[in-house]
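Here are my notes on the model you sent round. Please read them with the structure open.

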Amino acid sequence: VVNAQQGISVAEGARVLAAATANGRGGQVELATRRGTITLSPGSVVDVSGVDEKGAAVAGGRVRLTTAQTPIGEPILGSPVSLGARIDGARRIEWEQLKQYDVSASGVVDDTLVGAIQADVAALMNSATALKAQVGMADVDAFHVIPSVEVISNGDLRVAVTSSAADGRPQWNLASWRAGNEVGRLTLRAARNLTLEASLSDGFAVQPVVPISPELPTEKERLL
């Protein structure tokens, strides 16, 4: 995992290796920047290959590239991601589009904010096909654009939504947020106290029972 406030560049000839060395799925590489760009230069390699029981390399690992969200409806002057590297063995490559919501003034996540966030996520995912094409990945099935939401407060943070689940309890339900069936990420970050006055889950929607599989991830939530 590499995190940067500004840009990240993997230079020509560099190798980022997280491949399995014995029978296994392969590793995960995460590169994240809040304000800059991510450049995987031509001639560089990112290898997250797995190894099957016969010792052959297989697609097994994951690569996640996180940048600030591309403004919806605004001209794109330059891509925040440049994918010149050879990426080996990735069963999934994610371009995580991060948008931050600062609620320091109120310290509250309410129904109005949740509705605005959901609208922003829907607008982003409506642009997912164009964003894939922008970085030359339109025809790569393993490449996915995913939403990432970070709600922050420099003091206390209180989740106080009033929407109700079937049992009448307040809940923030992320089950209906999966545009294109893509799983996003939600982070709640408080400098002081974090209080949940409602349930937070993506499991309230009625779904058919299916076997648990690493290929079917759930919405990722982080409470910090």
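The points below go from the chain as a whole to its sheets, its core and a few single residues.

1. Overall make-up. This is a predicted model. The chain has 224 residues, and 42% of them count as buried. Its secondary structure comes to 2 helices and 20 strands. The exposed surface is about 11800 Å², with carbon and sulfur atoms supplying 51% of it.

2. Contact range. Taking contacts between residues at least 6 apart in sequence, 80% join residues at least 24 apart. One pair brought together across the sequence is proline 170 and alanine 198: they are 28 residues apart along the chain, while their C-alpha atoms are 4.8 Å apart in space. Proline 170 sits in the loop between β15 (157–159) and β16 (171–173). With a relative accessible area of 29%, proline 170 is partly exposed.

3. First open sheet. Strands of a sheet pair through backbone hydrogen bonds, in either a parallel or an antiparallel sense. One open sheet here has 3 strands in the order β2-β5-β10, and its pairing is parallel. β2 (8–10) and β10 (81–83) are the edge strands, each pairing on one side only. On average, neighbouring strands of this sheet are turned by 5° against each other, direction ignored. Between β5 (residues 38–40) and β10 there are 3 bridges, and leucine 40 stands opposite leucine 83 in β10.

4. Second open sheet. Another open sheet of 3 strands has the order β3-β6-β11, with parallel pairing. Its edges are β3 (15–17) and β11 (86–88); each has a single partner strand, so one side of each is left without a neighbour in the sheet. The average turn between neighbouring strands of this sheet is 10°, direction ignored. β6 (residues 45–47) and β11 pair in the parallel sense over 3 bridges, with valine 46 opposite isoleucine 87 in β11.

5. Leucine 40. What does leucine 40 touch, not counting residues up to four places away in sequence? The list is Val10, Leu31, Val46, Leu65, Ser82, Leu83, Gly84, Ala85 and Ile87. Leu83 is also the residue opposite leucine 40 in the strand pairing. Val46 and Ile87, both on that contact list, stand opposite each other in the pairing of β6 with β11.

6. Strand β9. Strand β9 (residues 61–68) has 7 of its 8 residues buried, so it is largely enclosed by the rest of the structure. β9 is joined to strand β4 (residues 28–33) by 5 bridges, the two running parallel. In that direction, glutamate 30 stands opposite arginine 64 in β9. β9 is also joined to strand β12 (residues 90–102), again in parallel, by 8 bridges. There, threonine 67 is opposite glutamine 97 in β12.

7. Glutamate 96. Is glutamate 96 buried or exposed? Its relative accessibility is 3%, and the cut-off for buried is under 20%, so glutamate 96 counts as buried. Glutamate 96 has its place in strand β12. Leaving aside neighbours within four places in sequence, glutamate 96 is in contact with Arg64, Leu65, Thr66, Thr67, Ile146, Ser148 and Arg185. Two arginines, Arg64 and Arg185, are thus on the contact list of this buried glutamate.

8. Nonpolar core. The largest nonpolar core has 44 residues, and the members touching the most others are Leu40, Val151 and Trp172. Helix α1 (residues 111–126) gives the largest share of this core, 6 residues.

9. Aromatic pair. How many aromatic pairs does a search of the whole structure find? The search finds 1. The rings of tryptophan 172 and tryptophan 177 have their centres 6.3 Å apart, and their planes meet at 55°, so the pair is tilted. For the classification, planes under 30 degrees apart would count as stacked and those over 60 as edge-to-face. Tryptophan 172 is buried at 2% relative accessibility, and tryptophan 177 is buried at 11%. Trp172 is also one of the residues named above for the nonpolar core.

Methods
Residues numbered from 1 in each chain as written. Predicted model: local features only at pLDDT ≥ 70, side-chain atom pairs only at ≥ 80, totals over all residues. Heavy atoms only, no water. Phe/Tyr/Trp six-rings, centres within 6.5 Å; stacked < 30°, edge-to-face > 60°. Buried < 20%, exposed > 50% of the residue type's maximum accessible area, 1.4 Å probe, protein only. Core = buried A, V, L, I, M, F, W, Y, C linked by side-chain atoms within 4.5 Å. Helix = DSSP H or I, 4+ residues; strand = E, 2+ residues; numbered from the N terminus. Contact = heavy atoms within 4.5 Å. Pairing = 2+ DSSP bridges. Areas by Shrake-Rupley, 256 points an atom, 1.4 Å probe, with all protein chains shown as cover. Axes fitted to C-alpha atoms, helices over the stretch in contact; angles between N-to-C directions.
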